[in-house]
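Dear colleague,

I am handing over the structure we spoke about, and below it I have set out what was found in it. Please read the notes with the model open beside you.

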Amino acid sequence: MNRALLAATLAAAVAAPVAALASAAIIQERQAGFKMMGDSMRAIQAVVQAGGPASAAVEPARAIAEHAPKIKTLFPAGSDQGARTRALPTIWSDRAGFEGRADAFTAQAQALLAAARGGDLGALRSALEATGQACGNCHRPHRAPER
Ligand code: HEC
């Protein structure tokens with residue numbers, strides 16, 4: 001084997017596992033982000049059920065609103081494997097649809113934060129429901145059922 005070919009072969013042998021590690025890390029990072037959003041949604045639900053005050057929902061709503069715009073960046077090409085993931089291939093085959101749903105969710109998360117800051121419990125309840133629907137609008141086409 002000549003030197004250039006040897007170098008290329010070694011580079012390829014190293015690159016594949018490195019890519020798999022990077023992919024596993026990003027899969028874990030996005031799952032942790034979704035889990036945090038799930039916990040935050042439950043915290044806001046608890047505020048609504050307790051009858052307020054809506055201001056108690058500001059912190060979890062802020063956590064969701066700040067994370068929402070990052071979702072699109074957590075699904076780079078190739079991150080459909082490398083760790084256990086429920087991400088469906090439609091995320092990459094219908095990228096425009098996926099990003100549109102992520103953007104719609106981000107707008108709704110900002111409305112949820114505004115409702116929490118506004119202090120009106122009825123408005124908070126409606127915004128919470130609309131936010132839960134925006135989660136589902138992405139899960140239905142892009143997330144596999146739990147196994
Ligand atoms: C733009 C699309 C999109 C939006 C918006 C979205 N999700 Fe997800 N969610 C996904 C995908 C895709 C997965 C699977 C990720 C994986 O396994 O790699 C997922 C996974 C999850 C998980 C499982 C995480 C784990 O531990 O494996 C939870 C919980 C979750 N989402 C909650 C939510 C909640 C709550 C919202 C709204 C507040 C939300 N998601 C909004 C696409 C979305």
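**The ligand and its surroundings**

The ligand is surrounded by 19 residues, of which the closest are Thr-85, Arg-86, Cys-135, Cys-138 and His-139. Please keep in mind that this is a predicted model, and that the distances below are to be read as values computed from it.

The iron atom of the ligand has a single donor from the protein, namely NE2 of His-139, at 2.1 Å, and His-139 itself belongs to helix 5. A polar side-chain atom of His-139 is also found 2.8 Å from a nitrogen atom of the ligand. Two arginines make polar contacts with the ligand as well: a polar backbone atom of Arg-86 is 2.8 Å from a ligand oxygen, whereas for Arg-143 an N or O atom of the side chain is 3.5 Å from a ligand nitrogen.

**The nonpolar core**

The largest nonpolar core is made up of 30 residues, and those with the most contacts inside it are Ile-44, Ile-64, Phe-75, Phe-105, Leu-112 and Leu-124. At least two residues of this core come from each of helix 1 (3-49), helix 2, helix 4 and helix 5 (121-142), with helix 4 giving the largest share, 7 residues.

Ile-64 may be a useful residue to select when you look at this region. Apart from its neighbours within four places in sequence, Ile-64 is in contact with Met-37, Ser-40, Met-41, Ile-44, Phe-105, Ala-109 and Leu-112.

Ala-111 is also found in helix 4, but with a relative accessible area of 36% Ala-111 is partly exposed. The C-alpha atoms of Ala-111 and Thr-131 are 8.7 Å apart, although 20 residues separate the two along the chain.

**Salt bridges**

How many salt bridges does a search of the whole structure find? The search gives 6, and I describe several of them here.

Arg-62 pairs with Glu-59, and their closest N and O atoms are 2.6 Å apart. Because Arg-62 and Glu-59 are 3 residues apart in helix 2 (residues 58-67), about one helical turn separates them. Arg-62 is partly exposed, its relative accessible area being 27%.

A salt bridge also joins the side chains of Lys-72 and Asp-103, with 2.8 Å from N to O. This pair links distant parts of the chain, since Lys-72 is in the loop between helix 2 and helix 3 (90-93) while Asp-103 is in helix 4 (residues 95-118), 31 residues apart. Both partners are partly exposed, Lys-72 with a relative accessible area of 26% and Asp-103 with one of 40%.

The side chains of Asp-94 and Arg-101 form a further salt bridge, at 3.7 Å from N to O. Here too the partners are partly exposed, with a relative accessibility of 32% for Asp-94 and a relative accessible area of 28% for Arg-101. In addition, Lys-35, Asp-39 and Arg-42 are joined into one network by salt bridges that share partners.

**A cis peptide bond**

Most peptide bonds are trans. In this model, however, the bond that joins Gly-52 and Pro-53 is cis, with omega at about 0°, and Pro-53 is found in the loop between helix 1 and helix 2.

With best wishes

Definitions and conventions:
Residues are numbered from 1 along each chain as its sequence is written. This is a predicted model: local features need pLDDT of at least 70, side-chain atom pairs count only at pLDDT 80 or more; totals for chains, interfaces and linings use all residues. Side-chain values use heavy atoms; hydrogens and water are left out. A salt bridge is a side-chain nitrogen of Lys or Arg within 4 Å of a carboxyl oxygen of Asp or Glu. Helices (H or I, at least four residues) and strands (E, at least two) are DSSP runs, numbered from the N terminus. Buried means under 20% relative accessible area, exposed over 50%, partly exposed in between (1.4 Å probe, protein chains only). A nonpolar core is a set of buried Ala, Val, Leu, Ile, Met, Phe, Trp, Tyr and Cys residues joined through side-chain atoms within 4.5 Å. Contact means heavy atoms within 4.5 Å. Donors are N, O and S atoms within 2.8 Å of the metal (3.2 Å for Na, K and Ca); water is not among the atoms, so sites may look incomplete. A residue is near a molecule or strand if one of its heavy atoms lies within 4 Å of it. A polar contact is a pair of N or O atoms within 3.5 Å; within protein, one must be able to donate a hydrogen and the other to accept it, and residues adjacent in sequence count only if both atoms are side-chain atoms.
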